[in-house]
Structure formats: structure tokens, C-alpha cells
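Biologist: I am new to this structure and should be grateful for a close look at one part of it. Please begin with the charged side chains and then follow them into the strands.

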Amino acid sequence: MRVTKTMFAVLACVFIGVAQGQEKGAIEVKTVAEKEEVLLAEDGTEESKLVPVSTVVPGDEIVYTVTFTNISEETADNVTVVDPIPDQMTYVRGSVFGPGADITFSVDGGATFEAEDDLRVATDNGGERTAQPEDYTHIRWVLRNPLGPGKRGVARFRAVLR
């Protein structure tokens, strides 16, 4: 079954990441959605490769790769990259990657961010519970070091179509 409406939501994440808080420099952020496919190599071995998403069905796992590049001639300080998790997707716990960055998550549309173990959401009876991956709305990477002119970083996460 081909899911075109949902496909739009999965790809809507492409090129909408945000970089904020840098004191100097301009950061270009791009997010690309891909699927991991296992291909048979000429020698008969299997190899895994990321390929552009063409169709998506519930249960498919999508790999989101976020690249951020300092496109200015000045070093960018205090770089923060925020990327939304598309509405129809559920973050895959433990799949986030971002060398040289402190990574936090949001469950309130990006208003606040916490470490995964500290995320809480309200319950219908007025209490709280530990947030689950399906509650996550955004991921934030805060670079620990400045990003020099022309330098690029990469981050990645996986999410499954509900």
C-alpha cells in the first residue's frame, strides 16, 4: 500500500531544521529523509545503504540526516540545531547521533528541552508519567565547540511511521 499523504509528512522534515543562538556566523541546516535498504553486492555479501524515500508504509523506519554548515566567514559560537520529529513518526529510542553535541528532546513542540531520562508528560488524571518516544516532538543538538567558517557537522536519528 502506498501512503502518499503520510509520505508528504515524512518528507516535510526535509530542509526545515533550525539553527539558533549563535553569536556569530550563519548556519545552513538541511534534513534529509532516507530508508535503509539491504542490497546484495556483486560478491554475494549483503550491504546496507541509505536510499531516498519513495514510498512509506506504517512500520517503515526512516533515517533523518541533519547537516549543518557554517556558510559565513566567521566562526559560529553557541550553535544550537533543532529538528522536528514529523507528526506521523515515532522516534526510535537510542537512535540519535551527534558527535560533539549535547542532545536533548522536547515533548511540548520545542518550547522546552530535557535529557531523555528527565522527560515527563501530563496524564489525563492530572498526574505525570515518564515520556515515551511517541511523545517526543523535537530533538536539539547544542554544539560544545564553535563551528569554523565552511565547517560542517552531521546529526542523525531514526523514526518509524505509525
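Modeller: Glu128 counts as exposed, because its relative accessibility is 55% and the limit for that class is over 50%. The side chain of Glu128 meets that of Arg120 in a salt bridge, with 3.5 Å from N to O. Arg120 itself counts as partly exposed, at 39% relative accessibility. The model is a predicted one, and its protein chain has an average pLDDT of 87, with 85% of the residues scoring at least 70. One stretch calls for caution: over residues 1–17 the pLDDT stays under 50, and the model has 41 contacts beyond four places in sequence for these residues.

The count of salt bridges comes to seven. As a general principle, side chains of opposite charge can pair when their charged atoms come close. Another pair is formed by Asp135 and Arg129, whose side chains meet at 2.8 Å from N to O. What is the state of Asp135, buried or exposed? Asp135 is buried, since its relative accessible area is 18% and the limit for that class is under 20%. Its partner Arg129 counts as partly exposed, at 34% relative accessibility. Salt bridges also link Glu36, Glu61 and Arg158 in a network.

The pair that leads into the sheet is Lys35 and Asp60, which form a salt bridge with their closest N and O atoms 3.1 Å apart. This pair links distant parts of the chain, for Lys35 lies in strand β2 (residues 27–40) and Asp60 in the loop between β3 (46–52) and β4, 25 residues apart. Lys35 is buried, with a relative accessible area of 18%. Asp60 is likewise buried, with a relative accessible area of 15%.

Lys35 also has a place in the pairing of strands, for it stands opposite Ile62 in β4. The strands β2 and β4 pair in the antiparallel sense over nine bridges. With β3, β2 pairs in the antiparallel sense as well, over seven bridges. There, Leu40 stands opposite Glu46 in β3. The hairpin of β2 and β3 has five residues between the strands, and Gly44 takes a positive phi near 90° in this hairpin.

How are these strands arranged in the sheet, and in which order? Five strands form an open sheet in the order β3-β2-β4-β11-β6, with antiparallel pairing. The edges are taken by β3 and β6 (89–91), each of which has a single partner strand, so one side of each is left without a neighbour in the sheet. Direction ignored, neighbouring strands of this sheet are turned against each other by 40° on average. At one of these edges, three bridges join β6 to strand β11 (residues 152–161), and the two run antiparallel. Thr90 has Val160 in β11 as its bridge partner.

Within this sheet, Thr65 deserves attention, and it is found in strand β4 (residues 61–70). Thr65 counts as buried because its relative accessibility is 10%. The side chain of Thr65 is joined to that of Arg156 by a polar contact of 2.9 Å. Not counting residues up to four places away in sequence, Thr65 touches Lys30, Thr31, Val32, Glu34, Val154, Ala155 and Arg156.

Beyond β4, the chain passes into the loop between β4 and β5 (80–84), where Asn78 has its place. In general, most residues other than glycine have a negative phi. Asn78 has a positive phi of about 55° although it is not a glycine. Asn78 is partly exposed, with a relative accessible area of 41%.

The strand that follows this loop, β5, is largely enclosed by the rest of the structure, because five of its five residues are buried. From β5, Thr80, Val82 and Pro84 point one way, while Val81 and Asp83 point the other way. The partner of β5 is strand β10 (residues 138–143), to which five bridges join it, and the two strands run antiparallel. In this pairing, Val81 stands opposite Trp141 in β10.

Conventions: Residues are numbered from 1 along each chain as its sequence is written. This is a predicted model: local features need pLDDT of at least 70, side-chain atom pairs count only at pLDDT 80 or more; totals for chains, interfaces and linings use all residues. Side-chain values use heavy atoms; hydrogens and water are left out. Helices (H or I, at least four residues) and strands (E, at least two) are DSSP runs, numbered from the N terminus. Buried means under 20% relative accessible area, exposed over 50%, partly exposed in between (1.4 Å probe, protein chains only). A polar contact is a pair of N or O atoms within 3.5 Å; within protein, one must be able to donate a hydrogen and the other to accept it, and residues adjacent in sequence count only if both atoms are side-chain atoms. Contact means heavy atoms within 4.5 Å. pLDDT is the predictor's confidence in each residue, from 0 to 100. Two strands pair if DSSP finds at least two bridges between them. A salt bridge is a side-chain nitrogen of Lys or Arg within 4 Å of a carboxyl oxygen of Asp or Glu. Axes are lines fitted to C-alpha atoms, for helices over the stretch in contact, and angles run from 0 to 180 degrees between N-to-C directions.
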